[in-house]
Amino acid sequence: AQQQGRGQYQFYSPEISAQLQERLALENELYGAIERGEMCVYYQPLIDLQTQQVIALEALVRWQHPTRGLVSPAKFIPIAESNDLIQSLGEWVLRTACAQTRAWQLAGLHPVRISVNLSARQFEQPNLVDIVKQILEETELAAPYLELEVTESALMVDIEQSIEILGQLRDLGIVLALDDFGTGYSSLNYLTRFPVNMLKIDRSFVQDIMSNPNSAAVTDAIIALSQSLCLTVTAEGIETQEQLDYLQSRGCHEAQGFYFSRPAPAAMITEMLKNKSQK
Ligand code: C2E
Ligand code: CA
Ligand code: CA
Ligand code: CA
């Protein structure tokens, strides 16, 4: 808005106004999007680099907007996080992904872990552990098949509480991963106190692993660190055979990226798992 009167402030700029309007429109349209059936979950395979088998799937939410088309989570997750929408959306993704994974198991397909992203705001929810527990019971998915991905920055908001919640989730038998590892204000000091099972090397390092020695060095260090702390290490964003060969030669355990598969709707994953089960 344009500040008039004293006139020191001039907030108005056509671009900012357009951006704000777009954001406000999206925020409005986000209300009720789940109920209107506009949200859906895509799944991206993670490959076990020892066996070359699909070992897990990451659940990635998509918004099929009636007029805007497919809206990227990079666009609407931050909006959902700025109000309470992220809680219901996060819970819906978790329930949908667990139910789908259980359905694949019941259909006799090659069993995989399902990995679900948790936003920092969900992590602040006092009843998060109860919600997760309830969804596992409701969907009859065994806890070791569920992986929750959190970022370091989400954990750093309240470190002591994070340690407590992670401990409770781990006691349920859930797999815990630190997502986008290396991009946050990683404190190696806290890393040993967070009861996590996995580190996911951020895509930004993998992306230029072959061209930037610094990215390669960071990647090597994260893999070495994981090995000494007995953590499983995953690399995301693999797009080329060279990147895969590099990570494999360094002893990385799991890999995910367009090289293997883009995130895909459940029906396509069903076909993929069926082909796997026949082999
Ligand atoms: P993320 O958790 O780091 O997820 C990985 C992102 O990298 C996904 O983008 C995926 O499509 C993309 N990706 C995977 N492999 C490649 C590759 O080889 N090359 C490139 N260029 N990209 C690759 P997506 O699905 O657009 O999601 C973006 C972010 O939105 C996610 O980043 C995550 O932070 C957030 N997000 C997505 N779904 C959820 C959700 O259900 N809950 C929450 N809280 N956040 C979510
Ligand atoms: Ca993730
Ligand atoms: Ca990530
Ligand atoms: Ca990311």
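1. Strand β2 (54–65) contributes four residues to the shell around ligand 1, the largest share of that shell. The other elements giving two or more residues are α2 (73–81) and β6. The model is predicted, and the points below should be read accordingly.

2. Ligand 1 sits in the largest pocket. It is surrounded by 20 residues, the closest being Arg62, Asn117, Asp179, Glu239 and Phe258.

3. Polar contacts to ligand 1 involve both side chains and backbone. A polar side-chain atom of Glu239 is 2.5 Å from a nitrogen atom of the ligand, and an N or O atom in the side chain of Arg62 is 2.8 Å from one of its oxygen atoms. From the backbone, an N or O atom of Ile238 lies 3.5 Å from an oxygen atom of ligand 1. The protein covers 83% of the 800 Å² of accessible area that ligand 1 has on its own.

4. The calcium ion (ligand 3) is coordinated at 2.3 to 2.6 Å by Asp179 (OD), Asp180 (OD) and, through two OE entries, Glu236. The donor spacing in sequence is D-D-x55-E. Asp179 belongs to strand β6 (residues 175–181) and Glu236 to the loop between β8 (232–235) and α11 (241–249), so this pair ties together parts 57 residues apart in sequence. Both Asp179 and Glu236 are buried.

5. Two aspartates link the calcium ions. Asp179 coordinates both ligand 3 and ligand 2, which are 3.7 Å apart. Asp180, located in strand β6, bridges ligand 4 and ligand 3, which lie 3.6 Å apart. For the calcium ion (ligand 4), the protein donors are Asp180 (OD) and Asp180 (OD), at 2.8 to 3.1 Å.

Notes. Residues numbered from 1 in each chain as written. Chains lettered and ligands numbered in written order. Predicted model: local features only at pLDDT ≥ 70, side-chain atom pairs only at ≥ 80, totals over all residues. Heavy atoms only, no water. Donors = N, O, S within 2.8 Å, 3.2 Å for Na, K, Ca; no water. Buried < 20%, exposed > 50% of the residue type's maximum accessible area, 1.4 Å probe, protein only. Near = heavy atom within 4 Å. Polar contact = N/O pair within 3.5 Å; in protein donor to acceptor, adjacent residues only side chain to side chain. Areas by Shrake-Rupley, 256 points an atom, 1.4 Å probe, with all protein chains shown as cover. 1 Å grid on protein atoms, 1.4 Å probe; cavity = no way out; pocket = protein on both sides within 12 Å on 5 of 7 lines; lining within 4 Å. Sits in = over half its atoms within 2 Å of the grid points.
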